Amino acid sequence: MNILILGSGGREHTFAYKIAASPICNNLFIAPGNAGTGVLGKNVPIAVTDFEKIKKLVLEEEISMVVVGPEDPLVQGISDFFKADENLKDVIVIGPSQEGAQLEGSKEYAKKFMMKHHIPTAAYQSFTPETVENGKKFLETLSPPYVLKADGLAAGKGVLILQELEEAKTELDNMLTNQKFGKASSKVVIEEFLDGIELSVFVLTDGKNYITLPTAKDYKRIGEGDTGLNTGGMGAISPVPFASEAFLHKIEKTIVKPTVNGLKDDNINYKGFIFIGLIKVGDEPKVIEYNVRMGDPETEAVLPRIKTDLVAMFKHVGNETLNEIEIEIDDRAAATIMTVSGGYPEAYVKGEVISGIDEINESIVFHAGTKIEEGVVKTNGGRVIAITSLDKDFRKALDKSYRNIEKLHFDKIYYRKDLGFDL
């Protein structure tokens with residue numbers, strides 16, 4: 001079959017890496033792709049939200065499966081767009097309906113869903129520019145630190161965790177009245193702070209059945225020791241060492257099953273990934289957030305551990321027969337380190353020449369923000385290249401990734417040297 005992946009980051013290169021290896025895949029297209037995906041399939045310069053151009057490509061190239069990488073096209077309703085079109089309705093789309101995508105598209109929607117289906121999460125209230133003063137009063141009832149979340153999509157950067165009450169009030173003003181995160185913060189969710197250690201659980205569902213994928217832990221802050229600004233992710237480890245069988249069973253019972261059953265009970269069409277961002281508070285798991293696609297860079301750590309043919313899994317999603325397949329997981333640990341452009345997540349320069357990619361042999365190279373210009377691979381984003389290694393445990397895997405990352409060079413290259421410090 002001919003397959004299209006939408007997106008241009010490390011997650012999409014990882015999908016391409018797995019899909020290109022499948023005997024079921026004849027031709028692979030990636031829109032718009034990057035320098036890494038272009039080696040595995042054909043990059044097509046189409047924006048992920050240009051549905052009409054995507055339709056034209058799907059019909060011209062007889063594509064029968066579309067794997068949606070990022071959240072934007074899902075929140076904008078690409079799955080519904082395909083379902084409503086007579087010529088596209090039989091194409092398998094890996095990604096939920098527009099309503100299902102609201103689990104990520106709106107923090108408030110996700111919170112209401114969790115409350116309705118008795119899924120453990122932090123207490124919260126939502127505020128708009130009209131109720132900003134009420135928001136400040138609500139902050140006064142909480143203990144620090146204070147958690148402020150932009151309701152809409154803010155590319156993983158719309159969450160502030162602040163220690164001082166006055167600063168929290170100022171930032172609430174900035175978000176609601178000064179639109180710090182644009183439209184995304186026209187509504188703000190204020191949450192109680194949960195103290196614990198975070199992990200992510202990934203679920204693939206066909207709307208009725210589901211498979212739980214390996215756990216992962218990512219590192220969001222730019223600075224070592226988890227300091228500084230939030231980024232799209234500086235690295236990830238899979239599996240999470242502290243997630244015991246008993247704890248995973250608890251996650252399954254109190255979070256995964258109620259989430260999948262809740263989607264079913266609410267008649268929400270959901271065929272794709274559910275990324276559940278969790279925090280372990282004592283011995284109890286609680287949901288911090290949902291994403292409606294695979295995470296990045298967690299994908300680069302999770303997918304290399306899945307031995308089962310990914311395209312076969314996706315076909316079962318399309319046919320609602322996920323209960324008929326058992327997945328095989330590599331029992332080795334995976335460690336992914338992300339290299340980023342100097343200045344990221346604030347201002348950074350694109351177009352720096354990257355060297356050393358061909359010298360990496362013990363690890364897998366996943367391109368995130370790269371392009372090819374005049375036959376040369378150059379930087380084309382804040383997060384540039386991820387290096388993933390597999391080994392007996394996460395420390396050995398990390399050592400291997402750090403050894404190999406030293407072979408990579410571009411101007412002002414930066415990566416965190418302390419991943420796994422908290423495990």
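**Exercise 1. Count the aromatic pairs in this predicted model and characterise the one formed by phenylalanine 15 and phenylalanine 314.**

Step 1. Rings of Phe, Tyr and Trp (its six-membered ring) pair if their centres lie within 6.5 Å, and by this rule the count comes to twelve aromatic pairs.

Step 2. For the angle, planes under 30 degrees apart count as stacked, over 60 as edge-to-face and the rest as tilted. The ring centres of phenylalanine 15 and phenylalanine 314 are 6.3 Å apart and the planes stand at 55 degrees, so the pair is tilted.

Step 3. Phenylalanine 15 belongs to helix H1 (residues 10-20) and phenylalanine 314 to helix H12 (residues 310-319), so the pair ties together parts that are 299 residues apart in sequence; helices (H or I, at least four residues) and strands (E, at least two) are DSSP runs, numbered from the N terminus.

Step 4. Both phenylalanine 15 and phenylalanine 314 are buried, where buried means under 20% relative accessible area, exposed over 50%, and partly exposed in between (1.4 Å probe, protein chains only). Ring pairs also link Phe15, Phe273 and Phe314 into a cluster.

The model is predicted, so local features need pLDDT of at least 70 and side-chain atom pairs count only at pLDDT 80 or more, while totals for chains, interfaces and linings use all residues. Residues are numbered from 1 along each chain as its sequence is written, and side-chain values use heavy atoms, with hydrogens and water left out.

**Exercise 2. Describe the aromatic pair of phenylalanine 51 and phenylalanine 81, and state whether each residue is buried or partly exposed.**

Step 1. Phenylalanine 51 and phenylalanine 81 form a tilted pair, with 5.3 Å from centre to centre and 45 degrees between the planes.

Step 2. Phenylalanine 51 lies in helix H3 (residues 51-60) and phenylalanine 81 in helix H5 (residues 78-84), so this pair ties together parts that are 30 residues apart in sequence.

Step 3. Phenylalanine 51 is buried, with a relative accessible area of 12%, whereas phenylalanine 81, at 21% relative accessibility, counts as partly exposed.

**Exercise 3. Find which lysine lies over the face of tyrosine 219, and which over that of tyrosine 415.**

Step 1. A charge sits over a ring if NZ of Lys or CZ of Arg is within 6 Å of the ring centre and within 35 degrees of the ring normal.

Step 2. Lysine 217 lies over the face of tyrosine 219, at 4.8 Å from the ring centre, and lysine 417 lies over the face of tyrosine 415, at 4.6 Å from the ring centre.
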